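Trainee: I should like to learn how to read a protein model step by step. May we go through one together?

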Amino acid sequence: MEWGEAERALRAEMVDCARRLWQRGLVTGSSGNISAKMEDGAILVTPSGRSLERLRESDIVHLRHDGTPLLAAARPSSELPLHLSAYRVRPDAKYIVHTHPTACVTWSLRGRLFPRVTVGAMESLGAVGWVPYAPAGSAKLADSAAEIFARGVDAILMERHGLSTLAATLERAFILTDLAEESARIALGSTLSLPTDPSEQGKRNLGDEGVPMPPHRAIF
Ligand SMILES: [Zn+2]
């Protein structure tokens, strides 16, 4: 299938972003997906069940305005409803990045947003929205996410699941994701509390078999 120049450039940009998300550890296995909205309203989205590590330009699925694939056999990401509903409520969004960053998800297990503790997060991340748990790929999840995106936030934390960001450029959607995970990771580290009594400290550092363990083992 022949791609126009704009589509070719978008596909290349998405492959590059996919690789960076993988390299930064923001996705694992076949998790995570990326989409881009073209000038004519059509959408490009990463395929279902493929690792972003090895995404190829030809793997990316082209969807018509109504969300159906141009090629009937194509299998778009199972998280497509989330992307479509977000584009519906945010006409300014041109790209959406959905990931499973470990520290962000860890905070969500505590039933709360991660604190925005770094200068980068405070200055560049902006507000992060909270989306209560709903099954992955469900219409309920897509609706809840759209409701929060509609309030103007560009990043949402999805309980027990992951993070989604939207932006007018793919670079910004990537940076928001990376910043959120950095902030969540540092905030997790700052919750470490070690006993001030050195004898207690010694006990804390002994593992189950009495083998000395590195400090900071017990985080929670
Ligand atoms: Zn997901």
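The following exchange concerns the helices and strands of this model, which is predicted.

Trainee: How many helices and strands does the protein chain have?

Mentor: From the N terminus on, the order of elements is α-β-β-β-α-β-α-α-β-α-β-β-α-α. Counting the two kinds of element in the protein chain gives 7 helices and 7 strands.

Trainee: What share of the residues in the protein chain is buried?

Mentor: A residue is called buried if 20 or more other C-beta atoms lie within 10 Å of its own. The protein chain has 220 residues, and the buried share of them is 39%.

Trainee: Are the axes of H2 and H5 roughly parallel or roughly perpendicular to each other?

Mentor: Helix H2 covers residues 80-89 and helix H5 covers residues 139-149; their axes come within 8 Å and cross at roughly 30°. Angles under 35 degrees count as roughly parallel. The crossing itself is right-handed. H2 and H5 are therefore roughly parallel.

Trainee: How many nonpolar, polar and charged residues does the contact of H2 with H5 have?

Mentor: On the H2 side the contact involves Pro81, Leu82, Ser85, Ala86, Arg88 and Val89. On the H5 side it involves Ala139, Leu141, Ala142, Asp143, Ala145, Ala146 and Phe149. Sorted by class, the contact of H2 with H5 has 10 nonpolar, 1 polar and 2 charged residues.

Trainee: Which elements do the buried residues of H5 pack against?

Mentor: The buried residues of H5 are Leu141, Ala142, Ser144, Ala145, Ala146, Ile148 and Phe149. Their packing partners are one helix and three strands, namely H2, E5 (128-131), E6 (155-158) and E7 (162-167).

Trainee: And which elements do the buried residues of H2 pack against?

Mentor: In H2, the buried residues are Leu80, Leu82, His83, Ser85, Ala86 and Tyr87. These residues pack against E1 (33-37), E2 (43-45), E4 (95-99), H5 and E7.

Trainee: Is the crossing of H3 and H6 left-handed or right-handed?

Mentor: The axes of H3 (residues 102-109) and H6 (residues 170-189) come within 7 Å and cross at roughly 60°. That angle makes H3 oblique to H6. As for the hand, the crossing of H3 and H6 is left-handed.

Trainee: Which residues of H6 make the contact with H3?

Mentor: H3 contributes Ala103, Cys104, Thr106 and Trp107. By class, the contact of H3 with H6 has 6 nonpolar, 1 polar and 2 charged residues. The residues on the H6 side are Ala180, Glu181, Ala184, Arg185 and Leu188.

Trainee: How many residues of E7 are buried?

Mentor: In a regular strand the side chains alternate between the two faces of the sheet. In E7, Gly162, Ser164 and Leu166 are buried on one side, and Leu163, Thr165 and Ala167 are buried on the other. The number of buried residues in E7 is thus 6 of 6.

Trainee: In which sense do E6 and E7 pair?

Mentor: E4 pairs with E7 in the antiparallel sense over 5 bridges, and there Tyr95 has Ala167 as its bridge partner. E6 pairs with E7 over 4 bridges, with Ala155 opposite Thr165. The sense in which E6 and E7 pair is antiparallel.

Trainee: Which residue in the hairpin of E6 and E7 takes a positive phi?

Mentor: Most residues other than glycine have a negative phi. The hairpin of E6 and E7 has 3 residues between the strands, and a phi near 60° occurs there. The residue concerned is exposed, with 12 other C-beta atoms within 10 Å. Its name is Arg160.

Methods. Residues numbered from 1 in each chain as written. Predicted model: local features only at pLDDT ≥ 70, side-chain atom pairs only at ≥ 80, totals over all residues. Axes fitted to C-alpha atoms, helices over the stretch in contact; angles between N-to-C directions. Parallel < 35°, antiparallel > 145°, perpendicular 65-115°, else oblique. Left-handed = near helix turned anticlockwise from the far one by under 90°. Contact = placed C-beta atoms within 7 Å. Nonpolar A, V, L, I, M, F, W, Y, C, P; charged D, E, K, R; others polar. Pairing = 2+ DSSP bridges.
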